[in-house]
Amino acid sequence: MAKKTDKSELLPGTLDMLILKTLTYAPLHGYGIALKIKRMSEEALTVEEGSLYPALQRLLVQGWVKAEWKMTETNRRARFYTLTAAGRKQLGLELSEFERMVSAIGRVMHAE
């Protein structure tokens, strides 16, 4: 039997959606994105660097985010990510699909 851990794992495919949603508020650097997801989820979700940066690269290649180098509030150079119009559209598509899947899972779990 699988041992349950204290760490919550993201469902496959949800990381991109969470990043896109996080960037609807303001441009952020990678650490800022991870921190915002953690805070907004009341610390239930933790995004590791090994997952975050490949996801950001994927989103850049897709044209859903853009990036530029800026200085952080602590005076360090960091790459800040901004949601593009295509990214906003993609977020809407992913959110619709996510809600459809959550609803379907709920129907199965509550079936008699």
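**A hairpin, a small sheet and three helices**

Let me start with the hairpin of β2 and β3, where 5 residues lie between the strands and where N75 takes a positive phi near 65 degrees. Before I go on, please keep in mind that what we are looking at is a predicted model.

The two strands of that hairpin, β2 and β3, are paired in the antiparallel sense, and 7 bridges hold the pairing. If you want a place to find it on the screen, look for K70, which stands opposite A78 in β3.

Now, what order do the strands take in the sheet? There are 3 strands, they form an open sheet, and the order is β1-β3-β2, with antiparallel pairing. The edges are therefore taken by β1, residues 28-29, and β2, residues 65-71, and since each of these has a single partner strand, one side of each is left without a neighbour in the sheet.

On the other side of the sheet order, β1 is joined to β3, residues 77-83, by 2 bridges, and these strands also run antiparallel. Here L28 stands opposite Y81 in β3, while H29 has F80 as its bridge partner in that strand.

Let me turn to the helices, beginning with α1, residues 14-22, and α3, residues 49-62, whose axes come within 10 Å and cross at roughly 75 degrees. That crossing angle is why α1 counts as roughly perpendicular to α3. On the α1 side the contact is made by L15, D16, I19 and L20, and on the α3 side by S51, L52, A55, L56, R58 and L59. Sorted by class, this contact of α1 with α3 has 7 nonpolar, 1 polar and 2 charged residues.

The helix α1 also meets α2, residues 30-40, and here again the axes come within 10 Å, with a crossing of roughly 95 degrees. So α1 and α2, too, are roughly perpendicular to each other. Which residues make this contact? From α1 they are L18, I19 and T22, and from α2 they are I33, K36, I37 and M40. By class, the contact of α1 with α2 divides into 5 nonpolar residues, 1 polar and 1 charged.

I will finish with the aromatic rings, and I would ask first how many aromatic pairs the structure holds. The count is 0 aromatic pairs. There are, however, charged groups placed over rings: K36, which we have just met in the contact of α1 with α2, has its charged end over the ring of Y25, 4.8 Å from the ring centre. In a similar way, the charged end of R77 sits over the ring of W69, at 4.5 Å from its centre.

How values were computed:
Residues are numbered from 1 along each chain as its sequence is written. This is a predicted model: local features need pLDDT of at least 70, side-chain atom pairs count only at pLDDT 80 or more; totals for chains, interfaces and linings use all residues. Side-chain values use heavy atoms; hydrogens and water are left out. Two strands pair if DSSP finds at least two bridges between them. Helices (H or I, at least four residues) and strands (E, at least two) are DSSP runs, numbered from the N terminus. Rings of Phe, Tyr and Trp (its six-membered ring) pair if their centres lie within 6.5 Å; planes under 30 degrees apart count as stacked, over 60 as edge-to-face and the rest as tilted. A charge sits over a ring if NZ of Lys or CZ of Arg is within 6 Å of the ring centre and within 35 degrees of the ring normal. Axes are lines fitted to C-alpha atoms, for helices over the stretch in contact, and angles run from 0 to 180 degrees between N-to-C directions. Angles under 35 degrees count as roughly parallel, over 145 as roughly antiparallel, 65 to 115 as roughly perpendicular and the rest as oblique. Contact means heavy atoms within 4.5 Å. Ala, Val, Leu, Ile, Met, Phe, Trp, Tyr, Cys and Pro count as nonpolar, Asp, Glu, Lys and Arg as charged, and the others, Gly among them, as polar.
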